[in-house]
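Me: I am new to this structure and should like to understand the terms used for it. May I put some questions to you?

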Amino acid sequence: MKRIAIINGPNLNLLGKREPEVYGSVGFDAFMDKLRSAHPDVSFSYFQSNVEGELIDQIQKEGFGSDGIILNPGGYTHTSVAIGDAIAAVPAPVVEVHISNVHAREDFRKISHVSAKAKGTICGLGLQGYELAVAYLKGS
Ligand code: CA2
C-alpha cells in the first residue's frame with residue numbers, strides 16, 4: 001500500500017473557520033475523511049503545525065518513511081530557506097500545494113523557497129489541488 005503524507009503549515013488549522021472567500025468553507029478534517037474514503041488503497045498521514053521546526057522534523061520523518069509528501073507550507077513558503085533545504089534532503093517526492101492562487105495575490109507570495117526543490121507545484125485550485133497531488137503520487 002502506498003504511503004502518502006500530507007503536511008500543512010501555519011494557520012491552515014483555521015481552514016473552514018475563517019476567510020472562506022479565500023480558502024473555502026471545508027475544514028481539513030472533513031476533507032481528509034473524503035480523501036481516505038476515495039482512496040482506500042492509500043495509507044494517509046496528516047500533520048499540521050504552526051511551528052517551522054516541527055514542519056521540518058515531519059518532512060524529514062516522512063521524507064524517509066513515505067512514498068510521497070503533499071506539502072502546503074503556508075506563509076513559510078515565502079520565507080523559509082530551511083523548509084526548502086529539508087525537501088532537498090529527503091528522497092520522497094514532494095508536491096507543493098497552495099489552495100489560493102499565490103500569483104494573483106500580493107507580490108511577496110510570488111516568491112517560494114519550496115518550488116525549486118519540489119517535484120511540482122499546484123496552486124489556485126482550492127482543496128482539489130491536494131486531490132490532484134494524490135493522483136500524481138499514486139501514479140509515480
Ligand atoms: O493558498 C495557500 O494555500 C497558502 O499556502 C495559504 C497561506 C498563505 O500564507 C500562502 O501565501 C498561500 C495562509 C494560510 C492561512 O490559512 C487560513 C485558512 C483559513 C483562514 C485563515 C487562514
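Me: What makes the pair formed by an oxygen atom of the ligand and the side chain of Asn 72 a polar contact?

Reply: The model is a predicted one. In it, an N or O atom in the side chain of Asn 72 is 2.8 Å from an oxygen atom of the ligand. The cut-off for a pair of N or O atoms is 3.5 Å, and 2.8 Å is within it, so the pair counts as a polar contact.

Me: Which distance places the side chain of Ser 100 in polar contact with the ligand?

Reply: The distance is 2.6 Å, from an N or O atom of the Ser 100 side chain to a ligand oxygen atom. This is within 3.5 Å, and therefore the term applies. For His 98, a polar side-chain atom lies 2.9 Å from an oxygen atom of the ligand.

Me: How much of the ligand does the protein bury?

Reply: Taken alone, the ligand exposes 500 Å², and the protein buries 94% of that.

Me: Why is the ligand said to sit in the largest pocket?

Reply: The space taken by the ligand is the largest pocket; the term requires more than half of the ligand's atoms to lie within 2 Å of the pocket's grid points. This pocket has a volume of about 380 Å³. Of its 19 lining residues, those closest to the centre include Tyr 23 and Arg 105.

How values were computed
Residues numbered from 1 in each chain as written. Predicted model: local features only at pLDDT ≥ 70, side-chain atom pairs only at ≥ 80, totals over all residues. Heavy atoms only, no water. 1 Å grid on protein atoms, 1.4 Å probe; cavity = no way out; pocket = protein on both sides within 12 Å on 5 of 7 lines; lining within 4 Å. Points joined across faces, edges and corners; volume = space filled by probe spheres on them. Polar contact = N/O pair within 3.5 Å; in protein donor to acceptor, adjacent residues only side chain to side chain. Areas by Shrake-Rupley, 256 points an atom, 1.4 Å probe, with all protein chains shown as cover.
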